[in-house]
Amino acid sequence: MERENVWKLYSEEDLKALTNLSEGYKDFLNHGKTERECVKKTVELAKKHGFIDLKDVIEQQLTLKAGDKVYYIGMDKTIVLFTLGQKPLTEGMHIIGSHIDSPRIDVKQNPLYEAGDMTYLDGHYYGGIKTYQYVTIPLAMHGVVAKKDGSIVNIVIGEDEDDPILVITDILIHLAAKQMEKTGSEIVDAEDLDVLVGSQPLKGEEKEAFKKNLLAVLKEKYQIEEEDFFSAELEIVPAGKARDCGIDRSMVASYGQDDRVCAYSSLAAFLDAPEVAYTSCLLLVDKEEIGSVGATGMQSRFFENAVAELLNVLGEYSELNIRRTLSRSKVLSSDVAAGFDPLYANVFDTKNSAYIGRGVVFSKFTGARGKRSSNDANAEYLAWLRQVMDEANVGYQSAEIGKVNVGGGGTIAFIIALYGMEVVDCGVPILSMHSPLEVASKADIYEAYKGYKAFFKAK
Ligand code: MN
Ligand code: MN
C-alpha cells in the first residue's frame, strides 16, 4: 500500500504551525552544533517551561508531585528530562530517545603543525563521513578547552558574519588525474583531513614562525597554550546557518539534522505536553555515531541512574521498582530514516522506503546482514502505536533503510530495549544523511512533532 503525501491534507492552520516549528528548529540547529551546545539550548528552553535541575531537588530535599518537571545532565553532553504523570512512575514511562552528536572532524590532542608556510590543525573524523565531502567547504570550530586550573574556555569560530572560516583544501583539478582514478573512500585520505588555520609568520622568528604566530593569536584571543589541546574537545563542523531549502521553502537544509531533527521535534512535543497520564521522559544522548559508547552514550548507566534518583526523590526507590519502571515503559527511539532519493533509486526497495513528505517513519527493525544488531519491535506494540497515531491524525509511514544487504545502520533502540521495554525506531526521513548539508521536509518534521506529542499523551 502507498501512503499519502501529507502536504495535500494541510489546512492554513497546519501550515502556520509547521512554519513556526521549523523556525524554532532552525534556531535550535544554529545554537546546537555540538552535543554540549544542544544540552545548553535544551536546558534554556526547558527552564522557560518551568523545569528544574533534579540535582537541586536532591540537594535541597524537595519533593515532587504529578505535573512537576525536572532535568538531569550528564557531563554536559547528555540530558534526560521528566514530566511527572498522574500514574505512579512504576507503571512505566513514555520515553522518546534521540541523539545529539553528529558526524564531524575532531581536532587531535596534539594537532598544531606548520607546513609550506601555513599552519594546520590535525583532525580525526568522528562517525561515518565521506571524507571527500569535507574539503573546500566553509568550516567552523566549536568546542571547549579545559584548563588545568579547572576553568573552561568555550570556543566558536566561523559562525558570525565577521568571523573567519576554516577550510580543508583539495588538490587542483589540473593535477588530479591520479586522484580521480581512486575509489571514493580513497579520494581524500582520512589522515589528510587537516584544517588550514593560518599563514602568517611571527615577525623576527626563525624557527616555526607560522606555528608560533598562531599560538600567539590563540593566547591573545582565548588565553590558551599549545599544551591545552591535550584537554580540549574541539569539533570541526560545516560553518553557517540552517536554511530553508527549495524555491517553495518546503524543506530545511543544514548540517547535523541526524539526529537533531528528532531531538528538536521530540523536545518541542515534550514541552508542549505538560499534562500526561504516564510520566513522559525525553532522552538526548551523545556518542550514538560511534556506537553509543562512553559515559555519555546510551550504553552508559546514566539513564538508569537518573531514574533511580527520581524514584528515590519520590520515596519509591528499590531495585525492583527501577526494573518495573523501566520494563513497563514504552519507547520511541527517534532517529532519522534514509529518505528515498530518486537520483539513487537503485539502493532502495521502493515499497519499503521512507518518502519525503509522507510523514514520520516507523522502522520495525534496522541492522544489516539479516537484521543483525537490530531491535526488532513487537507487532503488538506497533499495533498500539497505529491506534495512537491514527487517533491524532498523524501522517506516518513504514520503512527500512534500503534494499536487503545493500548496507545498514543502527540506532540506540537495541540498547534501550535491554531493559525489556517496548521499543521501536521512529523518526524523520532525510536526504544526504551524514553529509555536511542534510535535507529534511518541514512536513515530516511537523508530523514527527504531532506523533511524538500523541505518544507522550497516550493513555
Ligand atoms: Mn542517527
Ligand atoms: Mn547517524
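The exercises below concern a predicted model, and each is followed by a worked solution.

**Exercise 1.** Find out how the protein is divided into domains and how far apart the C-alpha centres of domain 1 and domain 2 lie.

*Solution.* Begin with the division itself: domain 1 takes in 6–102 + 255–457, whereas domain 2 covers 105–238. Then take the C-alpha centres of the two domains, which lie 33 Å apart.

**Exercise 2.** Describe the interface of domain 1 and domain 2, starting with its area and ending with its salt bridges.

*Solution.* The area buried between domain 1 and domain 2 is about 1,400 Å², and carbon and sulfur atoms give 50% of it. On the side of domain 1, K33, R36 and P436 supply 36% of the area buried against domain 2, more than any other three residues. Next, count the residues in contact, which are 18 in domain 1 and 16 in domain 2. Finally, apply the salt-bridge rule, which asks for a side-chain nitrogen of Lys or Arg within 4 Å of a carboxyl oxygen of Asp or Glu; three salt bridges are found across this interface. By class, the side of domain 1 that touches domain 2 has 11 charged residues, four polar and three nonpolar ones.

**Exercise 3.** Identify the protein donors of the manganese ion (ligand 1), and explain which parts of the sequence H99 and D335 tie together.

*Solution.* The donors are H99 through NE2, D258 through OD and D335 through OD, listed twice, and they lie 2.1 to 2.5 Å from the ion. H99 belongs to strand 4 (residues 93–99) and D335 to the loop between strand 14 (330–333) and strand 15 (337–338), so this pair ties together parts that are 236 residues apart in sequence. As a last step, look at D258, which bridges the manganese ion (ligand 1) and the manganese ion (ligand 2), the two ions lying 3.3 Å apart.

Conventions. Residues are numbered from 1 along each chain as its sequence is written. Chains are lettered from A and ligands numbered from 1 in the order in which they are written. This is a predicted model: local features need pLDDT of at least 70, side-chain atom pairs count only at pLDDT 80 or more; totals for chains, interfaces and linings use all residues. Side-chain values use heavy atoms; hydrogens and water are left out. Domain bounds come from an automatic or database domain assignment. Buried area is the accessible area (1.4 Å probe) that two parts lose on being put together, summed over both. Ala, Val, Leu, Ile, Met, Phe, Trp, Tyr, Cys and Pro count as nonpolar, Asp, Glu, Lys and Arg as charged, and the others, Gly among them, as polar. Donors are N, O and S atoms within 2.8 Å of the metal (3.2 Å for Na, K and Ca); water is not among the atoms, so sites may look incomplete. Helices (H or I, at least four residues) and strands (E, at least two) are DSSP runs, numbered from the N terminus.
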